[in-house]
Amino acid sequence: MSDNAELVELAESIFADARSTASESESGLDAGLWKTLEETGLARLTLPEAAGGSDGTLTDAAAVLSMAGAYAARIPLVETDLLAGWLAHAAGLETPSGPLTAVAADLTVTPSGEAGAAGARVTGLLARVPWARSAAAIVVLSGDHVLVLDRAAVTVTEGVNLAEEPRDTVTVDTGLDSGAVGTAPAGAAAEFRLRAALGRALLLAGAARGALAESVRYAGERVQFGRPIGRFQAVQQQLALAAAEVAAAAAATDAAARTAAVDGFGAASTAFAVAAAKARAGEAAGQVARIAHQVHGAIGFTREHHLRLVTTRLWSWRDEDGSDAQWNDEIGARVLAAGPDGLWPLVTGTP
Amino acid sequence: MTETLTRLPTLVPPPVELPERAAALRADVRAFLAEERAAQRWHPRADVWLSGWDERFSKELARRGWLGMTIPTEYGGHGASPLDRYVVTEELLAAGAPVAAHWVADRQIGPSLMRFGTEEQRQKFLPGIARGEVYFGIGMSEPDSGSDLASVRTRAERVDGGWELTGTKVWTSGAHHAHAFFALARSAPRDENNRHAGLSQFIVELDAPGVTIRPIPLLTGAHHFNEVVFDKVFIPDSMVLGEIGAGWHQVTSELAFERSGPERFLSTFPLLQALVAQIAGTDLDAEGSLAGPSIDAGRRRDLGGLVSRLWTLRRMSLAVAGSLESGHAPELAAAVVKDLGTRFENEIIDAARLLVAIPPDPGAEHGYARLLADAVLHAPGFTLRGGTNEVLRGIVARGMGLR
């Protein structure tokens, strides 16, 4: 939920339109939707105007991303706006136009340490890069360098996640001209990780809400034993449990976005909030997907039914950009470092 | 799909930030609690808002302005915001401090009197509540009316100058110490077409003639619950709360306050804190030498999972508090907080058992074994009080249009 009602309304109408016009058998980039997002300024919502963005806040982005998740939008929004655009701009590089993707991985630059020098080459393998095949450019955070690689200069081997979203292997072996190399800002690696996790968590929270909405609607329509299955208390209890998970995911991710917006990604409070939010949204994902499928019965388990568009995303996204287990481990480490007397101050964010 | 998504009700209000002044208030409360702990005036316990009756402590809080915080100053309160009260309350619960004596009066009687009470009733009770000297109970459930509250049978008969109450209330926490309670009674015959009509709330002073209070020991044998029997108890017109016949509306309109507070997920927080001490190897209660840390990835992750959930619950509960403060009554969100929060209180117990091999010991003075024992033995109440979780899920289902 967000107080920026107009933006939410705009985003919802765009993503809903895209869903209703697209064929459900398609996967890969929804080019029409991407064009609309570019035209409405949502594609680069949080980037500064100087980088072709709309100068929006992270809480604005939160509202748009959770809506994108709810409608299973096939676009690299997190990658373009929160990651690649941010990273290129922060490194003082021009932000390429078109859909972008980003990855933090070590590439080899020869001669070593001379990424900006004439004749420098960069080589390496980038695993499971989201949307690489459809991106105009791939922004790589490699050590202290930020490299902007043109899609045409790399080799892409296609791969997918459980939702059939592109997760490609990128083979890099290319020369670099100096315009495509910048110096990463301090703390870039940590911020990249948090931005990716926050974006993914917001998508998850939205997809969970989408799955709940589908399930509530289906339970109201599907008649068995002479009445809609939603009239049975056993089904109602399950959907209420799912609603609680959806609420938790939304509260956690909204709070994390708010914390990041107010305190910045460098703050300990943001690191804690994003970790907790990704973990909590990941937990919710599994429970909501399970209940959604149980309520839908066999039809939800088929290719023809669109429930899979949100549930497969829930199953994919919970494990991307840090699973709940990984982020909970990080929270656990913070808790143990704080000790028993530091536990409550950690939870309240007030030492 | 467009339609369904927008049709889903709001399950959680927008996030809120605590006001700037909250930090100073929180620091004051923590300093006071540290002082009390250092002097060993009490030991942290689980489920303190049911079992931690300590009138000295309540009066100390009052002396510092931390009771009746939202009551206006003309009634002896402090005119603070519900979010200020939230900060104080969560600090007290997290510390496992003994808050039971003033709990009901501070949480719901004060706000109810401000909402529905007469000038006379406010003058009579609010200053005492804010001083930590007047304690209240709640009389809703009856032997045959639990989740189905509209079925209450306690009768209020019209008599000269007031009403006469006859019937039995059960599960009234602290009635044997409290000065008064709010009783929900049937003031008009039951109408099968409108089961919620004809109910009224009465302020009953518990030393009134005709009131009998009997203990209902918990499964531990501890005395917190009571049965309160009315035998033609006279209630003057001046002690009717709100309007005759509006009892159902009055009672249900408070539920969002009652269901979403920090007490719905912090009842076993002191046990979680003790669990951290065990795993981090800083158990303060260990005699002589410390046990040393017993950290492994599994324990760390499980602990992290609990804390992620706790952080989330607190943000949800705060969001509801913020929404209440701005005049909304987010019934659904409050029900969700209570369902998730009270299950979380049980998850802490599960983790405490599985991650550390210290069996519960109800005979221990304090420390891990005692916290675990109290938590286990009190756990059944967590998901019952304030509306069973199953009833709350029914409310959520109805909110989503399923019933």
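**Exercise 1. Find which residues Pro9(B) is in contact with, leaving aside neighbours within four places in sequence.**

Start with the location. In this predicted model, Pro9(B) sits in the loop between α1 (2-7) and α2 (22-38) of chain B.

Next, look for its partners. Once the neighbours within four places are set aside, Pro9(B) is in contact with Leu332(B), Gly399(B) and Met400(B).

Finally, check a distance in that part of the model. Pro9(B) and Ala333(B) are 324 residues apart along the chain, and their C-alpha atoms are separated by 9.6 Å.

**Exercise 2. Describe the contact between chain A and chain B, and work out which helices of chain A take part.**

Count the residues to begin with: chain A brings 59 residues to the contact and chain B brings 54 residues.

Now the area. About 5,100 Å² is buried between the two chains, and carbon and sulfur atoms give 71% of that. On chain A's side, Leu336(A), Pro340(A) and Trp344(A) supply 15% of the area that chain A buries against chain B, more than any other three residues.

Then the polar side of things. Between chain A and chain B there are 12 residue pairs in polar contact, with both residues at pLDDT 80 or more.

Time for the helices. Five of them each supply at least two residues of the side of chain A that touches chain B: α1 (5-21), α5 (188-221), α6 (233-263), α7 (268-296) and α9 (324-348). The largest share, 18 residues, comes from α6(A).

Last, sort that side of chain A by type: you get 37 nonpolar residues, nine polar and 13 charged.

**Exercise 3. Follow Glu283(A) across the interface: which residue of chain B does its side chain meet in a salt bridge?**

Place Glu283(A) before anything else: it is found in helix α7 of chain A.

Is Glu283(A) buried or exposed? Its relative accessible area is 17%, and the cut-off for buried is under 20%, so Glu283(A) counts as buried.

Now list what it touches. Not counting residues up to four places away in sequence, Glu283(A) touches Glu245(A), Asp324(A), Asn328(A) and Arg309(B).

The chain B partner is Arg309(B), whose side chain meets that of Glu283(A) in a salt bridge with an N to O distance of 3.1 Å. The two side chains are also joined by a polar contact of 3.1 Å. Across the whole interface of chain A and chain B, the rule finds two salt bridges.

As background, side chains of opposite charge can pair when their charged atoms come close.

**Exercise 4. Take three salt bridges inside the chains and work out where the partners sit.**

Get the total down at the outset: over all chains, the count comes to 48 salt bridges.

Step one is Glu191(A) with Arg195(A), a salt bridge at 2.8 Å, N to O. Both residues lie in helix α5 of chain A, four residues apart, about one turn of the helix. Glu191(A) and Arg195(A) are both buried.

Step two is Glu245(A) with Arg280(A), where the closest N and O atoms are 2.9 Å apart. This pair links distant parts of the chain, with Glu245(A) in helix α6 and Arg280(A) in helix α7, 35 residues apart. Both Glu245(A) and Arg280(A) are buried.

Step three moves to chain B: Arg56(B) forms a salt bridge with Glu36(B), the closest N and O atoms being 2.7 Å apart. Arg56(B) is in helix α4 (residues 55-63) and Glu36(B) is in helix α2, 20 residues apart. Arg56(B) is partly exposed, with a relative accessible area of 34%, whereas Glu36(B) counts as buried at 2%.

To finish, spot a network: salt bridges that share partners join Glu79(A), Glu165(A), Arg167(A), Arg200(A), Arg313(A), Glu320(A) and Asp321(A).

**Exercise 5. Identify the residues with the most contacts inside the largest nonpolar core.**

The largest nonpolar core has 244 residues, and Phe15(A) and Phe136(B) have the most contacts inside it. The helix that gives the most to this core is α5(A), with 19 residues.

Zoom in on Phe15(A). Leaving out residues up to four places away in sequence, Phe15(A) touches Leu33(A), Leu37(A), Val64(A), Met67(A), Ala68(A), Tyr71(A), Ala73(A), Ile75(A) and Leu77(A).

One more thing to find: a second, separate core has six residues, including Met140(B), Leu149(B), Val152(B) and Leu199(B).

Terms used. Residues numbered from 1 in each chain as written. Chains lettered and ligands numbered in written order. Predicted model: local features only at pLDDT ≥ 70, side-chain atom pairs only at ≥ 80, totals over all residues. Heavy atoms only, no water. Contact = heavy atoms within 4.5 Å. Buried area = accessible area lost by both parts, 1.4 Å probe. Salt bridge = Lys/Arg side-chain N within 4 Å of Asp/Glu carboxyl O. Polar contact = N/O pair within 3.5 Å; in protein donor to acceptor, adjacent residues only side chain to side chain. Nonpolar A, V, L, I, M, F, W, Y, C, P; charged D, E, K, R; others polar. Core = buried A, V, L, I, M, F, W, Y, C linked by side-chain atoms within 4.5 Å. Buried < 20%, exposed > 50% of the residue type's maximum accessible area, 1.4 Å probe, protein only.
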